[in-house]
Every structure is written in C-alpha cells, then in structure tokens.
Amino acid sequence: MVSYPKGKIKVLLLENIHKDAYELFHRDGFDVTLVKDAMEEAELIERISDVHVLGIRSKTNVTMKALQNAKKLMTVGCFCIGTNQVELEEAEKRAIPVFNAPYSNTRSVAELVIAEIIMLARKATDQSRDVHLGKWNKIAKGCFEVRGKTLGIIGYGHIGSQVSVLAESMGMKVVFFDIISKLPLGNASSVHTYEELLSQSDFITFHVPETEETKNLFRKEHLPIVKQGAYLLNLSRGKVLEIDALVEGLKSGKLAGAGVDVFPEEPKSNDDPFTSPLQGLPNVILTPHVGGSTEEAQRNIGSEVAEKLLKYVNNGSTTFSVNFPNIELGSLKSGYHRILNIHQNQPGFLRDINSIISDMGGNILTQNLSTSSNIGYLSMEIDKNLGDELKDKIKAHKHSIRTRILY
C-alpha cells in the first residue's frame, strides 16, 4: 500500500543503529544505507538531500539548515529516548513526523544506575584499579551498605520509576521530585521541592530530558544544600549537571562520589579522544554514554523505531510521533485509495478539500483529521482513483504542505 516504488525510497541509518532496523527496511523493499558514525551538520546537509527516511541516535543533530536541504525527507527516527537533537518544530512545519523509543532501554539504564550506586558506596572501582596496579588496600572506612540509605530521584518518568522499584527492593528509602504530579510506586514518596530532595538524599540520580529548564539543573549554588557525603549520578543528559560544580563538590569532600554517563560535549565516534575535568578524581565512575547500550535495549529500540517509521511510510499512521498530530490508521481495503495531507492549520481547509473531491466525482468513505497549533494532518479514503489530478489540485491549495496518495 504505497504510491511510490519502495525500491526508490532511500533510508539512511546513522550511528551504528541495530541491524534489526536495517533488516526490517531491507525486507520491505526499501533502499537502505547503514553508516557507523554520526554526521556533522555539513556532511548531513550533503547526504540528506535525496533521503526519504532518516534514522539517528543521540549524536547527530538534525538542524534547521539540514531540514531546509531535506527536500524529500518524509520522517525521522530517533533510535533512543531523547529527541532534543532534532529541531522538532521546524520538522513539524515541514511535514516531517519524528519518532523515538521512550521505553525500550528503560531497564538497561535503571540496572546501571543501581549497579553504580552499589559500586560507589563500596568504592569498588577505585579498589579494583588499585588491585590491578598491585596495591592491596583492604579497608572498610567510607564503604557502606545501600540498605537503609535514601535515594533521591529527580524525574519520575519511565526510567526514574523503574529505578525506584529496584532501589526499594534492596531496602533503600526512595523520594522523588517531578514537576508533574506522579503516582508513587511501592513506598516511594514525593517531596515538594528540588532543594528538599537534595538536602535529605544520600544518593541523587537525575532522569530528566534536556530542556532550557533542566540545563545546569545542578549548579555550584546547590553544593551547600546537598547532604554531606552524598553521591550524584547522571545517566540522563549531559547538560543537566554543571561539571565544574560536580568537580568542586568532589574535591572539597562535600560529595563522596559520582557516576556520570553523559557529558556536555561527547566525541562523535569511538575513534575520537575524550577529556573531562572529572577524569582522575577518586570514587568517580565515568562511562561513555552506555546507559542504554545493551544488546537487548538496542535490539528493542531498533525494532520499535523502525516499525513506527515503516508504519508511517506504508499506511500513514503517526501514532507516538513526538512532534506531529497522532492518527492511527488501519489497513486499506481493496479498491479504496487513501489520501494523506499535511497542511497549515487554517480555517476552511477541510471544506475546500472536500469540495475538490466532490467536484471530481469522488466519494469520501472515511475521514480523520488531527491538528496541532501549526499543522493539520488529514487522512481520507475514497472509492475512486482520482490519481495525480486530485493530488495536483490539493497541492495547489495555498495552505497545503505535502500530499501522498496510497493505493
């Protein structure tokens, strides 16, 4: 059910996206290219000009300039949780729905958080390094059980709530802070303010998206508030923690340790060098953005996002798109034709389109319209093939952005 030969639809998958995603597109007949590394803006602008479907992870930024050069781009898939690397509003205005995988790596990240909490409490990474160097430094001072300690979770979404369940099963007391009211799981309890959480938590873990509100969410001014000897973990977004504040807290002894998986600036590929002021500090676990990098998570993400992209291209469904009006569409019945149109959200558009179809002798069988403040997404099924003439007339409407007809 497409209006364009699948073999001519070009799919570009960057950043070593799981092979299952490649196989899904390949088996469905698309022209798929898999690239190992991320792309800088200039390279992406050059490569994206004839691409219909783009798949990225967290390191490739789909900027306004890239979107302006993406004349054929139909949709973008973020094979990860976050979507801040894509100019979402600009993509919406250009009729490009963006999809992601908000759930597939939840367990992987949560497990690593719990592992790091225990490792930090026992200074295990420092002791492991010493033994590798031939030093036998068997001590108990400064090493603790996590049972009975308080874990503060900032952001009680899919990952934060999963961390909550795992932590409580080990006997930790869990408190959380979220700007949206959330139902606590188990015996977890919410606190009224962010500062309240900082002041009472032995371990503090961040699970928030990257927004203007969360940028440098933890700063130097928060160090006096934090409990003496607390531990900080950030496996969310690199700009959530002010690195200098974290370094100061660790060097002063106010913080007993830290686990950091994400950084304000990260290498584009595994071949590029990495430096951070956190390197070499005691009881600090540094990992290369691997919170969701398990085979299970990457396989699940590859399948989940690829299936959403395929569903949009093949039948027009936008369910779970993060920047687009959501419409769930079923299979097209034999003999019917589906019109998919994205247009500026202006009064009178639906009336005009209905008139065009009626004047051409078409009968509208079903019709779905969903809107955002910027655009409207319209799906109609008709019982007559009106072909390119209908498409041209809809395209000529002053508010129309993009039209597809599926047969």
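**Close-up 1. Lysine 123, a partly exposed loop residue in a predicted model.** We're looking at a predicted model here, and lysine 123 comes out as partly exposed, with a relative accessible area of 28%. You'll find lysine 123 in the loop between helix 5 and helix 6 (124-132). What is the sign of phi at lysine 123? Phi is positive, near 50 degrees, and that in a residue other than glycine.

**Close-up 2. Asparagine 216 and arginine 219 sit in one loop, between strand 9 and strand 10.** Asparagine 216 isn't a glycine, yet its phi is positive at about 50 degrees. With 25% relative accessibility, asparagine 216 counts as partly exposed. Arginine 219 lies in the loop that runs between strand 9 (203-206) and strand 10 (230-234), and it too counts as partly exposed, at 27% relative accessibility. Which residues does arginine 219 touch once those up to four places away in sequence are set aside? The answer is Glu242 and Ala245. Alanine 245 is 26 residues from arginine 219 in sequence, but their C-alpha atoms are 5.5 Å apart in space.

**Close-up 3. Glutamate 90, a charged residue tucked into helix 4.** Helix 4 covers residues 88-93, and glutamate 90 is part of it. Is glutamate 90 buried or exposed? It is buried, because its relative accessible area of 14% falls under the 20% cut-off. Skip the neighbours within four places in sequence, and glutamate 90 is in contact with Met64 and Leu67.

**Close-up 4. Helix 5 packs obliquely on helix 7.** Here helix 5 (residues 106-121) meets helix 7 (residues 158-169), with the two axes 9 Å apart and an angle of about 50 degrees. That angle makes the pair oblique to each other, and the crossing of helix 5 past helix 7 is right-handed. On the helix 5 side, the contact includes Thr106, Arg107, Val109 and Ala110; further along helix 5, Glu111, Val113 and Ile114 also take part. Helix 7 answers with His158, Ile159, Gln162, Val163, Leu166 and Ala167. Sort the residues of this contact by type and you get eight nonpolar, three polar and two charged.

**Close-up 5. Helix 1 runs roughly parallel to helix 10.** The axes of helix 1 (residues 19-27) and helix 10 come within 7 Å and cross at roughly 30 degrees. Why do these two helices count as roughly parallel to each other? It's because roughly 30 degrees falls among the angles under 35 degrees. Helix 1 passes helix 10 in a right-handed crossing. Asp20, Ala21, Leu24 and Phe25 are the helix 1 residues at the contact, and they meet a set in helix 10 that includes Arg299, Gly302, Ser303 and Ala306. Also in that helix 10 set are Glu307, Leu309 and Leu310. By type, the residues of this contact come to six nonpolar, two polar and three charged.

**Close-up 6. Four antiparallel strands make an open sheet.** Read across the sheet and the strand order is 14-15-13-16. Strand 14 and strand 16 (400-406) are the edge strands, each pairing on one side only. On average, neighbouring strands are turned by 15 degrees against each other, ignoring direction. Strand 13 (residues 337-344) joins strand 16 through six bridges, and leucine 340 stands opposite arginine 404 of strand 16. Two helices lie against these strands: helix 10 (residues 295-315) lies across strand 13, strand 15 and strand 16, at about 85 degrees to strand 16. Helix 11 (residues 349-359) lies across strand 13, strand 14, strand 15 and strand 16, and runs at about 25 degrees to strand 15.

**Close-up 7. Strand 15 is largely enclosed by the rest of the structure.** How many of the eight residues of strand 15 (residues 375-382) are buried? Eight of the eight are, so the strand is largely enclosed. Ile375, Tyr377, Ser379 and Glu381 point one way, while Gly376, Leu378, Met380 and Ile382 point the other. Strand 15 pairs antiparallel with strand 13 over eight bridges, with asparagine 341 partnering leucine 378. Seven antiparallel bridges link strand 15 to strand 14 (residues 364-371), where glutamine 367 stands opposite methionine 380. Strand 14 and strand 15 form a hairpin, with three residues between them.

Notes: Residues are numbered from 1 along each chain as its sequence is written. This is a predicted model: local features need pLDDT of at least 70, side-chain atom pairs count only at pLDDT 80 or more; totals for chains, interfaces and linings use all residues. Side-chain values use heavy atoms; hydrogens and water are left out. Buried means under 20% relative accessible area, exposed over 50%, partly exposed in between (1.4 Å probe, protein chains only). Two strands pair if DSSP finds at least two bridges between them. Axes are lines fitted to C-alpha atoms, for helices over the stretch in contact, and angles run from 0 to 180 degrees between N-to-C directions. Contact means heavy atoms within 4.5 Å. Angles under 35 degrees count as roughly parallel, over 145 as roughly antiparallel, 65 to 115 as roughly perpendicular and the rest as oblique. A crossing is left-handed if the near helix is turned anticlockwise from the far one by less than a right angle, and right-handed if clockwise.
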